[in-house]
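Colleague: Could you take me through this model? I should like to begin with the strands and then turn to some individual residues.

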Amino acid sequence: MDLIRKAIPIRDEDVDACVKQFDFANKNKQIVLPELFTQKHKQWITNSKNFNIDFDFSNAYITSGVTDAFNDFYFHYKDICVLKGEYSYHKDLGIKEIDHIGEIKPYSALIISYPFSATGSVHPDWNNIISICEARHVSVFLDVCLFGVAYNLNLTVPNCVTHIAFSFSKMFDTACYRTGILYTRYKTNTPIANQNAWYYTNHLGAQIHSHIMDTFDCDYIVNK
C-alpha cells in the first residue's frame, strides 16, 4: 500500500468570497439549534452524486470538526485501535496502532477512515476489515472527513459501524471555524451529546457552514 503525504484542502476563491459575504457582525450571537443544523447537513449530503453513503442513524450532533468527535469516542470506548497510516492524532494520544485487522480484540473498538487517510482510496482490505469487526463484535467509528473531495464511492454503512463523523475542512478549507457533524447509531451520554443538549456548540461556525451549504452543493469541489 503506497502512502501519500498529508493532504491539505484546496483554497477556492468562490468559497472564500462566500465566507466574506457572511454577516459576522450581526450573527455572532445567534444560536443554532443542533437538530436543525444536523438535519440540514443530512439532507445536503444525500444529494451527492460522487459519494453515496447510505445510513439511518437517529442521533446527530454538532462537533468541532472530526477531531472533536474522536475525543468523544475516546471517552466512550477504552480499548480502541487504528490501522497504521491513520490520522497521527490517534497515535499521538496513545491509541494503539495495529498492522493488520486480525490483531484486533473482540468487543473492542476501531477507528477507520473512508476513504483511507493514508492513501486517499478505500482501504484495500476494507471488506475483510468489516467482516472481522462484525464477527468479533467490534464497534467501528467511520471517519469520512474526505467526503466532498472523494468521488466514485458508494457505501452502505455496515452494522458494526456505530459512529460516523463528517467535517467541512477538507471540502471548503474552513478548519479555523471548527465545525463537523457526528452521527451515532445509539444514544449515549458523552461530552458531545451533553454539549449539544446544552447548546454549548460552535454557533458561529454552524452559521457559516449553513451559509456555505446554501450556496454550494456537496459535490462542488470535485465537480469544479
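Modeller: The following exchange covers the strands, then several loop residues. This is a predicted model, in which local features need pLDDT of at least 70 and side-chain atom pairs count only at pLDDT 80 or more, while totals for chains, interfaces and linings use all residues. Residues are numbered from 1 along each chain as its sequence is written, and side-chain values use heavy atoms, with hydrogens and water left out.

Colleague: Which residues of strand 3 are buried?

Modeller: In strand 3 (residues 80-83), Ile 80 and Val 82 are buried on one side, and Cys 81 and Leu 83 are buried on the other. Buried means under 20% relative accessible area, exposed means over 50%, and partly exposed lies in between (1.4 Å probe, protein chains only). Strands are DSSP runs of E with at least two residues, helices are runs of H or I with at least four, and both are numbered from the N terminus.

Colleague: What does strand 3 pair with, and in which sense?

Modeller: Strand 3 pairs with strand 5 (residues 109-113) in the parallel sense, over three bridges. Two strands pair if DSSP finds at least two bridges between them. Cys 81 stands opposite Leu 110 of strand 5. Strand 3 is also joined to strand 4 (residues 96-98) by three bridges, again in parallel, and there Val 82 has Glu 97 as its bridge partner.

Colleague: And strand 6: is it enclosed or open?

Modeller: Strand 6 (residues 139-143) is largely enclosed by the rest of the structure, because five of its five residues are buried. Ser 139, Phe 141 and Asp 143 cover one side, and Val 140 and Leu 142 the other. Strand 6 runs parallel to strand 5, with five bridges joining them; Ile 112 is partnered by Leu 142.

Colleague: Where is the cis peptide bond?

Modeller: The cis bond runs from Tyr 114 to Pro 115, with omega near -5 degrees. Pro 115 belongs to the loop between strand 5 and helix 6 (126-135).

Colleague: Which residues other than glycine have a positive phi?

Modeller: Tyr 107 has a phi of about 60 degrees, and Tyr 199 has one near 65 degrees. Tyr 107 sits in the loop between strand 4 and strand 5 and is exposed, at 63% relative accessible area. Tyr 199 is found between helix 8 (191-197) and helix 9; with 34% relative accessibility, Tyr 199 is partly exposed.

Colleague: What surface patch does Tyr 199 help to make?

Modeller: Together with Ile 31, Leu 33 and Leu 36, Tyr 199 makes a nonpolar patch of about 370 Å². Accessible areas come from the Shrake-Rupley method with a 1.4 Å probe, and for residues only the protein chains shown count as cover. Patches consist of residues with over 30% relative accessible area and no salt bridge; nonpolar side chains (Val, Leu, Ile, Met, Phe, Trp, Tyr) are joined within 5 Å, and like charges within 9 Å. A salt bridge is a side-chain nitrogen of Lys or Arg within 4 Å of a carboxyl oxygen of Asp or Glu.

Colleague: What is the nearest opposite charge to Asp 219?

Modeller: That is Lys 49, whose side chain is 5.9 Å away; Asp 219 is buried yet has no salt bridge. Lys and Arg count as positive and Asp and Glu as negative, while His and the chain ends are not counted. Leaving aside residues up to four places away in sequence, Asp 219 touches Asn 47, Ser 48, Lys 49 and Asn 50, where contact means heavy atoms within 4.5 Å.
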